[in-house]
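Please work through the exercises below with the sequence and the structure open beside you, and try each task before you read its solution.

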Amino acid sequence: MDYVVEMEGIRKEFPGIVANDDITLQLQKGEIHALLGENGAGKSTLMSILFGMYQPDRGRIRVKGKEVRIANPNVANKLGIGMVHQHFKLVEPFTVTENIILGSETRKFGLFLDVKRAAKRVGELSKQYGLNVDPYAKIEEISVGMQQRVEILKMLYRDAEVLIFDEPTAVLTPQEILDLQGIMKNLTNEGKSIILITHKLKEIKAVADRCTVIRRGKTIGTVQVAETSRETMAEMMVGRSVSFKVDKKESHPGETVLEVSSLTVKNSKKVDAVKSFNLNICAGEIVGIAGVDGNGQTELIEAITGLHKAESGSVLLNGKPIEDLSIRQRNESGIGHIPEDRHKRGLVLDYTLEENMILEVYNRPPYSKNGLLKPGVMRKHAEHIIESFDVRSGSGGRSVVRSLSGGNQQKAIIGREVERDPDLLIAVQPTRGLDVGSIEYIHRRLVEQRDKGKAVLLVSLELDEILNLSDRIAVINNGELVGIVHAAETNEQELGLMMAGYGKEEGSA
């Protein structure tokens, strides 16, 4: 069998951790090959080796049958290997074309940048692969889904034959995910080969031909996707059977904890992003907010947590108005917040885990005394969270947070917020980019908060998650409340219609 890429016996060690331990991966021409594993299983490390960002300690890489040493990403590009990273590497103020030609500029007479010619080629490639990208659009003005297509065009422009996608759907809406799956199939029909790094079994079932599973740095096996059940792949990935259903008893709501009345919030462009929104959440229930990304969810949460000032309306927590309180005062009144962007809002990446776990409470006992931090207490607190929330890191509480995998960073944030024992826990995209094992775990912890009599506000773009976890679901469209439904009495179709702006009555007519 001729493989386009073969990685054999790859080993890679970092201080205190073996990321890849004798891994083998073989990619056939024209296939979509999924690389499946939990967070921290070693998927990204393996692909960073193939893309020349790391060097393996042992093992061989062959491209089209020839053994190669990929010293850096430029060598990978020359070998026809391209990669779309999870966090896009684009220059915001530049146009699509300017981003695509960065590093491989087309010059006229060797001196001038020939942007026009490049834009023409970008337009042609975009058409050939059904990408619908405007070569002259500015990056900062296009959606995340479009930015991802620019990353794909960047590889095609450099004649990549092997395309690596790292968690490509983490930031996409359900519709964009379907579009991307179509694009991937177009790419393989044109003879490209794709490696898809993911932990979403639903997506593997939808597009992949074969799937290689790795667990804790070792290859568990390669399977034909069509012949393998979702449950089997999940078990290979986490080493035990995983439940896709959230186990929860019926809720028994108590007193109202959060009451939002006629809330209006403007976005950064001074346009109303949330329009006279009403919502209340009681102790002992999970209320989910469903909506397509960018319909006011972010502004609504920022107005409740204090990151953004509301134009008008009121927010009551346990019957007391909080709209004039500072963020710290709101936290101290009983709000816990698992933010949407764990890097920008959740953690200080270059601090240790110990430091990150006390970001909201460092100024009071027992964590500090007379303005001085108490390292022993900090360490104990961090160790408690690491143990209770299964946060895996190279050197425990002293690990710098940047060195943790996304899933472990997320578990740490959730641990920090839950341990503060808030009356209202706001969880925004709490499982974005996590594997089934971590998702199952986090869902359990959120239900546990509910059962302890806490109010939980869940914002998620994953409809399955909203339906599975929530007791009631509030649907938001264009900043307005379309309606509130009981999770047990609705389904994806009805929610989808409501998310598109049809009220419950119109949808069922």
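The exercises that follow concern a predicted model, and each task is followed by a solution in steps.

**Exercise 1. A serine in a loop**

Task: Find where Ser-470 is placed, decide whether Ser-470 is buried or exposed, and list the polar atoms that its side chain reaches.

Solution: Begin with the position along the chain, where Ser-470 lies in the loop between α16 (463-469) and β23 (472-477). Next consider the surface: the relative accessible area of Ser-470 is 1%, and because buried means under 20%, Ser-470 counts as buried. Then look at the surroundings, where, apart from neighbours within four places in sequence, Ser-470 is in contact with Lys-248, Ile-286, Val-287, Gly-288, Leu-458, Glu-465 and Ala-487. Finally, examine the polar atoms: the side chain of Ser-470 reaches the backbone nitrogen of Gly-288 at 3.5 Å, and a polar atom of that side chain lies 2.7 Å from the backbone oxygen of Ile-466.

**Exercise 2. A charged residue without a salt bridge**

Task: Locate Arg-330 and explain why Asp-324 does not form a salt bridge with Arg-330.

Solution: The first step is to place Arg-330 in helix α10, which covers residues 327-333. The second step is to note that Arg-330 is buried and that its nearest side chain of opposite charge, Asp-324, is 6.6 Å away. Since a salt bridge requires a side-chain nitrogen of Lys or Arg within 4 Å of a carboxyl oxygen of Asp or Glu, this pair does not qualify, and Arg-330 has no salt bridge. As a last step, look at the contacts of Arg-330 beyond four places in sequence, which include Ala-303, Ile-304, Thr-305 and Gly-306.

**Exercise 3. Two covered helices**

Task: For helices α9 and α1, find how many residues are buried and describe the glycine that comes after each helix.

Solution: Start with α9, residues 297-305, where eight of the nine residues are buried, among them Ala-303, Ile-304 and Thr-305. After α9 comes Gly-306, which has a positive phi, near 100 degrees. Turn then to α1, residues 43-50, which is largely enclosed by the rest of the structure because seven of its eight residues are buried; these include Lys-43, Thr-45 and Leu-46. Just after α1, Gly-52 has a positive phi of about 85 degrees.

**Exercise 4. Strands and their partners**

Task: Determine which strands stand at the edges of the sheet that contains β13 and β14, and then work out which way the residues of β6 point.

Solution: First write down the order of this open sheet of four strands, which is β14-β13-β16-β17 with antiparallel pairing. The edges are β14 (272-282) and β17 (320-321), each of which has a single partner strand, so one side of each is left without a neighbour in the sheet. Next follow one pairing in detail: β13 (residues 256-266) is joined to β14 by seven bridges, and Lys-266 has Asp-272 in β14 as its bridge partner. Now move to β6, residues 81-84, and recall that side chains in a regular strand alternate between the two faces of the sheet. In β6, Ile-81 and Met-83 point one way while Gly-82 and Val-84 point the other way, and all are buried. To finish, find the partner of β6, which is β9 (residues 162-166), running parallel and joined by four bridges, with Phe-165 of β9 standing opposite Val-84.

Notes. Residues numbered from 1 in each chain as written. Predicted model: local features only at pLDDT ≥ 70, side-chain atom pairs only at ≥ 80, totals over all residues. Heavy atoms only, no water. Helix = DSSP H or I, 4+ residues; strand = E, 2+ residues; numbered from the N terminus. Buried < 20%, exposed > 50% of the residue type's maximum accessible area, 1.4 Å probe, protein only. Lys, Arg positive; Asp, Glu negative; His and termini not counted. Contact = heavy atoms within 4.5 Å. Pairing = 2+ DSSP bridges. Polar contact = N/O pair within 3.5 Å; in protein donor to acceptor, adjacent residues only side chain to side chain.
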